[in-house]
Amino acid sequence: MSGNCLILLDSSDAMPIYEQFEIQIPSDTAEGQAIQEKIIAAMEAAEFSPRDVFGMRLALEEGLVNAIKHGNRMDPDKRVRIACTVSDVIASIEIEDEGPGFDWNDVPDPTAEENLDRPCGRGIMLMRAFMSKVEYNDSGNKVLLEKLRVTPDETAS
């Protein structure tokens, strides 16, 4: 481990925590960008691979923009809640908006021939491709993004 980071020990499993917070931000993409950078910095401090960091950056961008623009419809009176934990082995982010939600099962497959020229669904597809786990709540206004650390041995195979 390198850098100057505060390492907290989570008593439940004694793994070093590089970042842990819960925050509510206004429906403002600049605020979302600042939170994204905080999470990425924690992953870099925890020495996640560049591929893992890239994937999380992409997934966070999609998740935060979806919450702000599509969920809250840029309403300045609505908030986005972000809960984050970055440890040695996992980065776990929960993003929840105050919008009505959506059914992610109804999002068209962006790789289907009839959808190749349509932009919808690509963000969800990319999040699923880069994250270890992507889960939505029943109402579709909260997403959980998890990225397990990939070890150098796993990337070689």
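This note goes through strand β4 of a predicted model, its neighbouring strands, its salt bridges and the largest pocket.

1. Strand β4 and its burial. Strand β4 covers residues 90-96 and is mostly covered, since five of its seven residues are buried. Its partner β3, residues 79-87, is likewise described as mostly covered, with seven of its nine residues buried. A reader working through the packing of this region may therefore take both strands as mostly covered under the cut-off of under 20% relative accessible area for a buried residue.

2. Pairing of β3 with β4. These two strands run antiparallel and are paired over six bridges, and the hairpin that joins β3 to β4 passes through two residues. Within this pairing, Thr85 has Ser92 of β4 as its bridge partner, while Ala83 has Glu94 of β4 as its bridge partner.

3. Pairing beyond the hairpin. On β4 there is also an antiparallel pairing with strand β6, residues 142-148, made through seven bridges, and in this pairing Ile93 stands opposite Leu145 of β6. Strand β3, for its part, is joined to β2 by nine bridges, again in the antiparallel sense, with Glu19 standing opposite Val86 of β3. Taken in turn, the pairings are β2 with β3, β3 with β4, and β4 with β6.

4. Ser92 and its surroundings. What does Ser92 touch, leaving aside residues up to four places away in sequence? The contacts of Ser92 are Ala83, Cys84, Thr85, Leu144, Leu145 and Glu146. Ser92 lies in strand β4 and counts as buried because its relative accessibility is 18%, which is under the 20% cut-off. The side chain of Ser92 also makes a polar contact with the side chain of Glu146, at 3.5 Å.

5. Glu146 and Lys133. The side chain of Glu146 also meets the side chain of Lys133 in a salt bridge, with an N to O distance of 4.0 Å. This pair links distant parts of the chain, with Lys133 in strand β5 (residues 133-136) and Glu146 in strand β6, 13 residues apart. Glu146 is buried, at a relative accessible area of 18%, whereas Lys133, at 32%, counts as partly exposed. The distance of 4.0 Å deserves a careful reading, because the criterion for a salt bridge is a separation within 4 Å.

6. Arg81 and its two acidic partners. Arg81 forms a salt bridge with Glu22, the closest N and O atoms being 3.5 Å apart. This contact links distant parts of the chain, Arg81 being in strand β3 and Glu22 in strand β2 (residues 16-26), 59 residues apart. Glu94 forms a salt bridge with Arg81 as well, with the closest N and O atoms 2.3 Å apart. Because Glu94 lies in strand β4 and Arg81 in strand β3, this second pair ties together parts that are 13 residues apart in sequence.

7. Accessibility within that group. Is Arg81 buried or exposed? Arg81 is buried, with a relative accessible area of 12%, while Glu22 counts as exposed at 57% relative accessibility and Glu94 counts as partly exposed at 23%. The charged residues of this group are thus spread over the three classes, because 12% falls under 20%, 57% falls over 50% and 23% falls in between.

8. The salt-bridge network. The contacts of Arg81 belong to a network of salt bridges that links Glu22, Arg81, Glu94 and Glu96. Over the whole structure, the search finds seven salt bridges.

9. The largest pocket. The largest pocket has a volume of about 390 Å³ and is lined by 21 residues, of which Asn66, Ala67, His70, Gly71 and Phe102 lie nearest its centre. The elements that give two or more residues to this lining are α2 (50-71), β4, α3 (122-130) and β6. Which element gives the most to the lining of the largest pocket? That element is α2, with six residues. The paired strands β4 and β6 are thus both among the elements that give two or more residues to the lining.

Definitions and conventions. Residues are numbered from 1 along each chain as its sequence is written. This is a predicted model: local features need pLDDT of at least 70, side-chain atom pairs count only at pLDDT 80 or more; totals for chains, interfaces and linings use all residues. Side-chain values use heavy atoms; hydrogens and water are left out. Buried means under 20% relative accessible area, exposed over 50%, partly exposed in between (1.4 Å probe, protein chains only). Helices (H or I, at least four residues) and strands (E, at least two) are DSSP runs, numbered from the N terminus. Two strands pair if DSSP finds at least two bridges between them. A polar contact is a pair of N or O atoms within 3.5 Å; within protein, one must be able to donate a hydrogen and the other to accept it, and residues adjacent in sequence count only if both atoms are side-chain atoms. Contact means heavy atoms within 4.5 Å. On a 1 Å grid over the protein atoms alone, a cavity is a set of points where a 1.4 Å probe fits but cannot get out, and a pocket is an open set with protein on both sides within 12 Å along at least five of seven lines; lining residues have an atom within 4 Å of a point. Grid points are joined across faces, edges and corners, and a volume is the space filled by probe spheres set on the points.
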